[in-house]
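Here is a short tour to read alongside the viewer. Please keep the sequence and the coordinates open as you go.

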Amino acid sequence: MKAAAVRAANAPSDWRQAMLGCRRCPALVASRSRVVPGAGSIPAAVVFVGLAPGRLGGDRTGVPFSGDRSGNLLRSMIAQAGISSFFITNLVRCNPRDERGRNRDPTRAEIEHCRSHLAAELAMVAPSVIVCLGRVAWRELAGAGANFDPLKPTPLSVGGRLIYPMYHPAYVNRGACPPHVYAMQFRRLRRLLDRISKRRPALSGETGRRPRCGAGESASAD
Ligand code: SF4
């Protein structure tokens, strides 16, 4: 009975429902159009963690990294690399805006408030690799002392998972990294996932467990 209750509490619909009603960050409750939980395959071989839903992206569509330039670039890179088992989320699930209505970075307190939601998603998705998109996600998941170098990535082992650094797609869209170099980074990630899949099939997300999607959301690129 107890085990059944635990399974029920972990069902994707309950997991999403708890996030959708969250009001821990007063400023973000005021600025957001909606709460944007992570979306994708469950389980998945890899989870991509960005910063926050964008004003023109997740805040508008309800799906992280969709409907804006960053989302289009990220999903196109994932597809080109042939990565099919993936989940996409952010450090925080609500769009932070400044006094002029522009995207801003979430505060450390807002990131802390949302950390348990991220932990719940990671527990549900059980990836073998967590990709940090950008320096802030890397700092929060790999630790402040870890060197952020996506061009020569050194995955860190944290809690039985590999934490992997990559540029945020917005950084690439700003011209700070050429798209063909970014594409090479995704191919390198794909090779890492393939190696892990051969060594540790139980953690690859491509086991006998059938991948499913978060409620009402597609795992395919959009
Ligand atoms: S950012 Fe996270 S913790 Fe803050 S209100 Fe949104 S869902 Fe809740």
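What follows walks through the strands, a helix packed against them, the ligand shell and a few unusual backbone angles. Bear in mind that this is a predicted model.

## The strands

A good place to start is strand S2, residues 46-50. Five of its five residues are buried, so S2 is largely enclosed by the rest of the structure. In a regular strand, side chains alternate between the two faces of the sheet. You can follow this along S2: Val46, Phe48 and Gly50 point one way, while Val47 and Val49 point the other way, and all of them are buried.

S2 has two parallel partners. With strand S3 (residues 86-90) it pairs over five bridges, and with S4 it pairs over four bridges. Strand S4 (129-133) in turn pairs with S6 (161-166), again in the parallel sense and over five bridges. The antiparallel pairing of S5 with S6 has three bridges. S5 and S6 form a hairpin with two residues between them, and glycine 159 in that turn has a positive phi of about 60°.

If you would like single residue pairs to click on, here is one for each pairing.

| Strands | Residue | Residue opposite or bridge partner |
|---|---|---|
| S2 and S3 | Valine 46 | Phenylalanine 86 in S3 |
| S2 and S4 | Valine 49 | Cysteine 132 in S4 |
| S4 and S6 | Valine 131 | Tyrosine 164 in S6 |
| S5 and S6 | Valine 158 | Arginine 161 in S6 |

## The nonpolar core and helix H7

Several of these residues turn up again in the core. Which members of the largest nonpolar core touch the most other members? They are Val46, Val49, Val131 and Cys132, out of 49 residues in that core. Valine 49 shows how the elements come together: leaving out residues up to four places away in sequence, it touches Thr89, Asn90, Leu91, Ile130, Val131, Cys132, Leu133, Ala137 and Leu141.

Two of those contacts, Ala137 and Leu141, are also among the buried residues of helix H7 (residues 135-142). The others on that list are Val136, Trp138 and Ala142. An α-helix has 3.6 residues a turn, so residues three or four places apart point the same way. The buried residues of H7 pack against strands S2, S4, S5 and S6. Just after H7, glycine 143 takes a positive phi of about 110°.

## Around the ligand

Now over to the ligand. Its shell holds 15 residues, and the closest are Cys22, Cys25, Cys94, His113 and Cys114. By residue class, the shell divides into nine nonpolar, two polar and four charged. Helix H3 (26-31) and helix H6 (108-125) each supply at least two shell residues, and H6 provides the largest share, with four.

Cys94 also gives a link to the loop between S3 and H6, where proline 106 lies. The C-alpha atoms of proline 106 and cysteine 94 are separated by 9.1 Å, with the two residues twelve apart along the chain. Is proline 106 buried or exposed? It is buried, because 24 other C-beta atoms lie within 10 Å and the cut-off for burial is 20 or more. Setting aside neighbours within four places in sequence, proline 106 is in contact with Leu51, Ala52, Leu91, Val92, Pro96 and Ile111.

## Backbone angles to inspect

Most residues other than glycine have a negative phi, and most peptide bonds are trans. A few places here depart from that pattern.

The peptide bond joining isoleucine 42 and proline 43 is cis, with omega about 0°. Proline 43 is found in the loop between strand S1 (39-42) and S2.

Phenylalanine 65 has a positive phi, near 50°. This residue sits in the loop between helix H4 (58-61) and helix H5 (69-80). With 30 other C-beta atoms within 10 Å, phenylalanine 65 is buried.

Alanine 126 also has a positive phi near 50°, and its place is the loop between H6 and S4. Alanine 126 is partly exposed, with 18 other C-beta atoms within 10 Å; that count falls between the cut-offs of 12 or fewer for exposed and 20 or more for buried.

Notes. Residues numbered from 1 in each chain as written. Predicted model: local features only at pLDDT ≥ 70, side-chain atom pairs only at ≥ 80, totals over all residues. Core = buried A, V, L, I, M, F, W, Y, C linked by C-beta atoms within 7 Å. Contact = placed C-beta atoms within 7 Å. Near = placed C-beta within 6 Å. Nonpolar A, V, L, I, M, F, W, Y, C, P; charged D, E, K, R; others polar. Pairing = 2+ DSSP bridges.
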